[in-house]
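Reader: I should like to learn how the features of a model such as this one are to be read. Could we take them one at a time, with the general idea before the particular case?

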Amino acid sequence: QVQLVESGGGSVQAGGSLRLSCVVSRYTYSRNCMGWFRQAPGKEREGVARIYTGGGSTYYAEYYADSVKGRFTASQDNAKNTVYLQMNSLKPEDTAMYYCAAGWTSDGYCYTERYKYWGHGTQVTVSS
């Protein structure tokens, strides 16, 4: 069983930055999709960033929602079993609960339904 624990959320003013971290309880080669999702009150969950690691960790691809492109950067440190989400130029509409997730794909596409393990979330609040 893979467990994920997020941290780094908080309250910032618009234009500020935060870095979220997600510690995976143990590295497993059975998960090649890592991702960050968010959900605001009254809204559906949105995929923010997806990381696909394939080819024996030699191939690394990142996918971002249009709403965060150029502002958010996802990365991972396998030695630390940690995934990060650097968020810059934050906007009030980025306010949401942010979740880290892990899953598996056999074709290189990290669709939302392929994420099987989820953290409990960390709250991000951006004020104007």
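**Reading the features of the model**

Author: Let us begin with burial. Ser 21 is buried, with a relative accessible area of 15%, because a residue counts as buried under 20%. The model is a predicted one. Ser 21 belongs to strand β3.

Reader: Which residues does Ser 21 touch, leaving out those up to four places away in sequence?

Author: The contacts of Ser 21 are with Val 5, Glu 6, Ser 7, Trp 36, Thr 82, Val 83 and Tyr 84, when residues up to four places away in sequence are not counted.

Reader: How is a nonpolar core to be read, and how many residues has the largest one?

Author: A nonpolar core is a set of buried residues of nonpolar type joined through side-chain atoms within 4.5 Å. Here the largest has 27 residues, and Leu 85, Met 87 and Tyr 98 have the most contacts inside it. Two or more residues of this core come from each of β3 (18-24), β4 (33-39), β5 (46-54), β7, β8, β9 and β11 (122-127). Another core, of six residues, lies apart from it and includes Phe 37, Tyr 52, Cys 110 and Tyr 115.

Reader: What does Leu 85 touch, not counting residues up to four places away in sequence?

Author: Leu 85 is in contact with Leu 18, Arg 19, Leu 20, Trp 36, Val 48, Ala 49, Phe 72, Thr 73, Ala 74 and Tyr 98, with residues up to four places away in sequence left out.

Reader: Let us turn to charged side chains. How many salt bridges does the structure hold?

Author: A salt bridge is read from the distance between a side-chain nitrogen of Lys or Arg and a carboxyl oxygen of Asp or Glu, with a cut-off of 4 Å. The structure holds five. In one of them, Glu 46 pairs with Arg 38, and the closest N and O atoms are 2.8 Å apart. Glu 46 is partly exposed, at 27% relative accessible area, whereas Arg 38 is buried, at 6%.

Reader: Where do Arg 38 and Asp 94 lie, and how far apart in sequence are the parts that the pair ties together?

Author: The side chains of Arg 38 and Asp 94 form a salt bridge of 2.9 Å, N to O. Arg 38 lies in strand β4 and Asp 94 in the loop between β8 and β9, so the pair ties together parts 56 residues apart in sequence. Both Arg 38 and Asp 94 are buried. Through shared partners, salt bridges join Arg 38, Glu 46, Arg 71 and Asp 94 into one network.

Reader: Is Asp 66 buried or exposed?

Author: Asp 66 counts as exposed, at 65% relative accessibility. Asp 66 forms a salt bridge with Lys 69, in which the closest N and O atoms are 3.1 Å apart.

Reader: How should an aromatic pair be described, and how many such pairs are found in the whole structure?

Author: The description of a pair of aromatic rings rests on the distance of the centres and the angle of the planes. A search of the whole structure finds four aromatic pairs. Phe 37 and Trp 118 form a tilted pair, 4.8 Å centre to centre with 55 degrees between the planes. Phe 37 lies in strand β4 and Trp 118 in strand β10 (residues 115-118), so this pair ties together parts 81 residues apart in sequence. Phe 37 is buried, at 1% relative accessibility, while Trp 118 is partly exposed, at 29%. Phe 37, Tyr 115 and Trp 118 make up one aromatic cluster.

Reader: Which charged end sits over the ring of Phe 37?

Author: The charged end of Arg 45 sits over that ring, 5.9 Å from its centre.

Reader: A last topic is the backbone. What is to be noted about the phi of Asn 81?

Author: Most residues other than glycine have a negative phi. Asn 81, although not a glycine, has a positive phi of about 50 degrees. Asn 81 lies in the loop between β7 (72-77) and β8 (82-87). Ser 89 also has a positive phi, near 50 degrees, and is placed in the loop between β8 and β9 (96-103). Ser 89 is partly exposed, with a relative accessible area of 40%.

Definitions and conventions: Residues numbered from 1 in each chain as written. Predicted model: local features only at pLDDT ≥ 70, side-chain atom pairs only at ≥ 80, totals over all residues. Heavy atoms only, no water. Helix = DSSP H or I, 4+ residues; strand = E, 2+ residues; numbered from the N terminus. Buried < 20%, exposed > 50% of the residue type's maximum accessible area, 1.4 Å probe, protein only. Contact = heavy atoms within 4.5 Å. Phe/Tyr/Trp six-rings, centres within 6.5 Å; stacked < 30°, edge-to-face > 60°. Lys NZ or Arg CZ within 6 Å of the ring centre and 35° of its normal.
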